[in-house]
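Me: I'm new to this structure and would love a close look at one strand and what it touches. Could you start there and then connect it to the rest of the chain?

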Amino acid sequence: MFGDLKGRRVLVTGSTQGIGLAAVEAFARHGALVGMNGRKTPADLDSTLARLNELDGEVAFFSADVSSSAEAARLVEAFVARFGGIDVLINNAGGLVARKPLEEIDDEFFDAVTDLNARSALMVTKHALPHLKDSAKRSGTSASVILVGSVAGYTGGGPGAGLYGAAKAWLHNIQKNWVAFHTKDGIRFNTVSPGTFDTAFHADKDTDTKARIGAGFPMGRFGRPEECAPTFLFFASNACSGYITGQVLDVNGGQYMP
Ligand code: NAD
């Protein structure tokens with residue numbers, strides 16, 4: 001079903017663990033050439049790469065802090081130097097940074113949350129744009145940009161997560177502009193919007209707390225990263241989603257139904 005992903009060059013930001021790492025693995029299983037990115041080099045990088053490179057594709061690691069515009073540019077450059085171009089970009093890096101209620105938000109925190117969740121996606125996409133256009137032109141099929149939004153982009157986020165929720169809503173919105181002005185370049189833009197997934201994102205909660213929160217969702221539990229990964233394959237594959245652009249796909253176990 002995802003046969004056209006073989007040999008596609010896929011850059012996944014923020015992908016050393018959690019949802020991003022599961023996406024990297026899924027693309028590698030389908031024969032893609034995949035860029036794994038993290039701010040820091042993970043301690044188990046060698047064993048992770050060895051495991052991933054036994055699958056059908058090829059995976060390389062690129063260290064870069066994508067909340068910095070200069071590093072976003074450097075990441076794209078390094079990926080292109082390695083794989084010769086970009087066919088699919090997944091802007092997955094994101095996070096809460098910390099939980100701070102309105103009374104405690106200062107400029108430094110505002111910048112940290114918006115840089116990580118909004119600036120990163122915009123700048124990586126901006127620098128990838130010429131390569132995505134080139135991919136579409138040469139292949140005669142569309143290139144694909146996938147944003148990672150959040151249920152918080154609809155609900156406003158939980159305690160102390162207002163800025164994070166707003167940054168995710170910003171992502172849900174800005175792709176509409178990109179669709180309007182870059183469809184002519186042969187690029188599709190879609191958003192995967194996770195609900196609550198059991199990753200380091202929820203490291204502040206113990207097992208009982210996660211079970212109690214999960215019991216409140218129709219599916220009765222948190223999602224697992226590998227349950228989100230196929231949605232990235234779907235939006236990357238022209239065979240599956242070649243006429244789909246500007247959409248938000250909610251992967252949330254029924255937690256929220258916009
Ligand atoms: P995670 O904390 O497990 O993984 C985050 C990844 O991002 C890590 O690989 C980390 O190295 C990387 N990263 C963090 N800051 C970075 C930076 N400045 N530059 C480069 N890489 C950086 O988180 P996750 O749960 O897998 O989240 C992945 C995405 O899904 C995020 O955008 C998050 O906001 C979103 N999301 C997660 C949930 C959830 O419940 N887990 C819900 C909705 C949305």
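Reply: Happy to! Let's begin with one polar contact: a polar atom in the side chain of Asn190 sits 3.3 Å from the backbone nitrogen of Gly246. Please keep in mind that this is a predicted model. Asn190 belongs to strand S6, which runs over residues 187–194, and that strand is our starting point.

Is Asn190 buried or exposed? Its relative accessible area is 0%, and buried means under 20%, so Asn190 counts as buried. Leaving out residues up to four places away in sequence, Asn190 touches Val145, Ile146, Leu147, Gln175, Phe235, Ile244, Thr245, Gly246 and Gln247. Gly246, the partner in the polar contact, is therefore also one of the residues that Asn190 touches.

Strand S6 also holds Arg188. This residue carries a charged side chain by class, and yet Arg188 is buried, with a relative accessible area of 4%. What does its side chain reach? It comes to 2.7 Å from the backbone oxygen of Ser241. Beyond the residues up to four places away in sequence, Arg188 touches Ser142, Ala143, Ser144, Val145, Phe235, Ala236, Ser237, Asn238, Ser241, Gly242, Ile244 and Thr245. If you compare this list with the one for Asn190, you will find Val145, Phe235, Ile244 and Thr245 in both.

Now step back along the chain to the loop between H6 and S6, where Asp185 is found. Asp185 is buried too, at 16% relative accessibility. Its side chain makes a polar contact of 2.7 Å with the side chain of His182. Setting aside residues up to four places away in sequence, Asp185 touches Lys133 and Ala136. Another residue to look at here is Asp134: its C-alpha is 8.7 Å from that of Asp185, although 51 residues separate the two in sequence.

Going the other way from S6, you enter the loop that leads to helix H7 (207–215), and His202 has its place there. With a relative accessibility of 8%, His202 counts as buried. Apart from its neighbours within four places in sequence, His202 is in contact with Thr196, Phe197, Lys210 and Phe222. For a feel of distance, try Arg188 and Phe201: they are 13 residues apart in sequence, and their C-alpha atoms are 28 Å apart in space.

His202 also brings us to the ligand. Which residues lie closest to it? They are Thr16, Asn92, Tyr164, Thr199 and His202, out of 31 residues that surround the ligand. Helix H1 (18–29), strand S2 (33–38) and helix H6 (162–182) each supply at least two residues of this shell. Sorted by class, the shell has 11 nonpolar, 17 polar and three charged residues.

A few pairs of atoms show how the ligand is held at close range. An N or O atom in the side chain of Thr199 is 2.5 Å from an oxygen atom of the ligand. A nitrogen atom of the ligand has a polar side-chain atom of Asp65 at 2.8 Å. A polar backbone atom of Val66 is 3.0 Å from a nitrogen atom of the ligand. On its own the ligand has 830 Å² of accessible area, and the protein covers 93% of it.

For contrast with the buried residues, have a look at Val97, in the loop between strand S4 (88–91) and helix H4 (107–139). Val97 has 48% relative accessibility and counts as partly exposed. Its phi is near 70 degrees, a positive value in a residue that is not glycine.

Finally, the whole chain. It has nine helices and seven strands. Its radius of gyration is 17 Å, close to the 18 Å that the globule rule gives for 258 residues, so the chain is as compact as a globular protein of that length. Along the principal axes, the C-alpha atoms fill a box of roughly 50 × 35 × 35 Å. Buried residues, such as Asn190, make up 52% of the chain. The chain exposes about 11800 Å², with carbon and sulfur atoms supplying 54% of that area. Among contacts between residues at least 6 apart in sequence, 73% join residues at least 24 apart. The contact of Asn190 with Val145 is one you can find for yourself.

Key: Residues are numbered from 1 along each chain as its sequence is written. This is a predicted model: local features need pLDDT of at least 70, side-chain atom pairs count only at pLDDT 80 or more; totals for chains, interfaces and linings use all residues. Side-chain values use heavy atoms; hydrogens and water are left out. A residue is near a molecule or strand if one of its heavy atoms lies within 4 Å of it. A polar contact is a pair of N or O atoms within 3.5 Å; within protein, one must be able to donate a hydrogen and the other to accept it, and residues adjacent in sequence count only if both atoms are side-chain atoms. Accessible areas come from the Shrake-Rupley method with a 1.4 Å probe; for residues, only the protein chains shown count as cover. Helices (H or I, at least four residues) and strands (E, at least two) are DSSP runs, numbered from the N terminus. The radius of gyration is taken over C-alpha atoms; the globule rule is 2.2 Å times the number of residues to the power 0.38. Buried means under 20% relative accessible area, exposed over 50%, partly exposed in between (1.4 Å probe, protein chains only). Contact means heavy atoms within 4.5 Å.
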